[in-house]
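Welcome! Let's take a short tour of this structure, starting with its helices and ending with a pair of charged side chains.

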Amino acid sequence: MCQNNYRETTSIQRLPEELKTKIFLELPMKDIFSVCLVCKQWNYVVMNNESVWKLRCYNLPEFLHKNFVNDRAQGHNWKEIFRMNYGKNGIKRMWQQGVFSNPASYDDLPQGMFSNMDVDSWGDLFQLELDRS
C-alpha cells in the first residue's frame with residue numbers, strides 16, 4: 001500500500017503542464033512522436049502547446065527563420081509552420097530556396113537530411129531542379 005501511494009505522489013502525471021513541457025522540449029524530435037503515443041495527456045501537452053512548436057521551429061536551420069514571419073502573417077500557427085519546415089516538407093522548401101541546388105558532390109549535402117525521403121518526394125525535388133534550369 002505504501003508503494004502505491006509513493007507511485008501516485010511521484011507520478012509524472014502529477015507534474016504541472018509547464019514542467020512537462022520543459023521536459024519534452026529537451027527531447028529530440030524523433031522521441032517527441034513517441035511521447036505523443038504514451039497517453040492522451042502527454043499527447044495533449046505536446047500537440048496543443050504553441051510554445052513547444054515555436055521553440056521547435058527556432059531550432060530548425062537559421063536561414064528558415066525568415067519564412068516564419070510570412071507564415072505567421074498568413075495565419076499559420078507554430079505547429080503548422082513546423083510541419084512546413086521539417087522533414088521532407090522542410091527539405092522541399094529549402095530546395096525551392098536554392099539551399100541544395102547544384103551541389104558539386106554528395107558530400108556538399110547535409111548528412112542525414114535525406115534519409116526519410118520517399119520516391120515521390122525525390123521526384124518533386126528533381127522536378128524543382130529541372131524547373132529551375
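## Helix 2 and its two faces

In helix 2, which spans residues 17–25, the buried residues are Lys20, Thr21 and Phe24. They sit on the same side of helix 2, because they cover an arc of only 105 degrees around the axis. Please keep in mind that this is a predicted model.

Now turn to the face of helix 2 that points away from its buried side: there you will find the exposed residues Glu18 and Lys22. What lies over the buried residues? The cover includes helix 3 (29–38), helix 4 (40–47) and helix 5 (50–58).

## Helix 4 and its neighbours

Helix 4 has buried residues too, namely Trp42, Val45 and Val46. Their arc around the axis is only 90 degrees, which puts them on the same side of helix 4.

Which helices do these residues pack against? The buried residues of helix 4 pack against helix 2, helix 3 and helix 5.

## A salt bridge between helices

Side chains of opposite charge can pair when their charged atoms come close. With a limit of 4 Å between nitrogen and carboxyl oxygen, the model has 1 salt bridge. The side chains of Arg72 and Glu50 form this salt bridge, at 3.8 Å from N to O. Arg72 belongs to helix 6 (residues 65–73) and Glu50 to helix 5, so the pair ties together parts that are 22 residues apart in sequence.

Are these two partners buried or exposed? Arg72 is partly exposed, with a relative accessible area of 39%. Glu50 also counts as partly exposed, at 33% relative accessibility.

Notes:
Residues numbered from 1 in each chain as written. Predicted model: local features only at pLDDT ≥ 70, side-chain atom pairs only at ≥ 80, totals over all residues. Heavy atoms only, no water. Buried < 20%, exposed > 50% of the residue type's maximum accessible area, 1.4 Å probe, protein only. Helix = DSSP H or I, 4+ residues; strand = E, 2+ residues; numbered from the N terminus. Arc of directions from axis to C-beta. Contact = heavy atoms within 4.5 Å.
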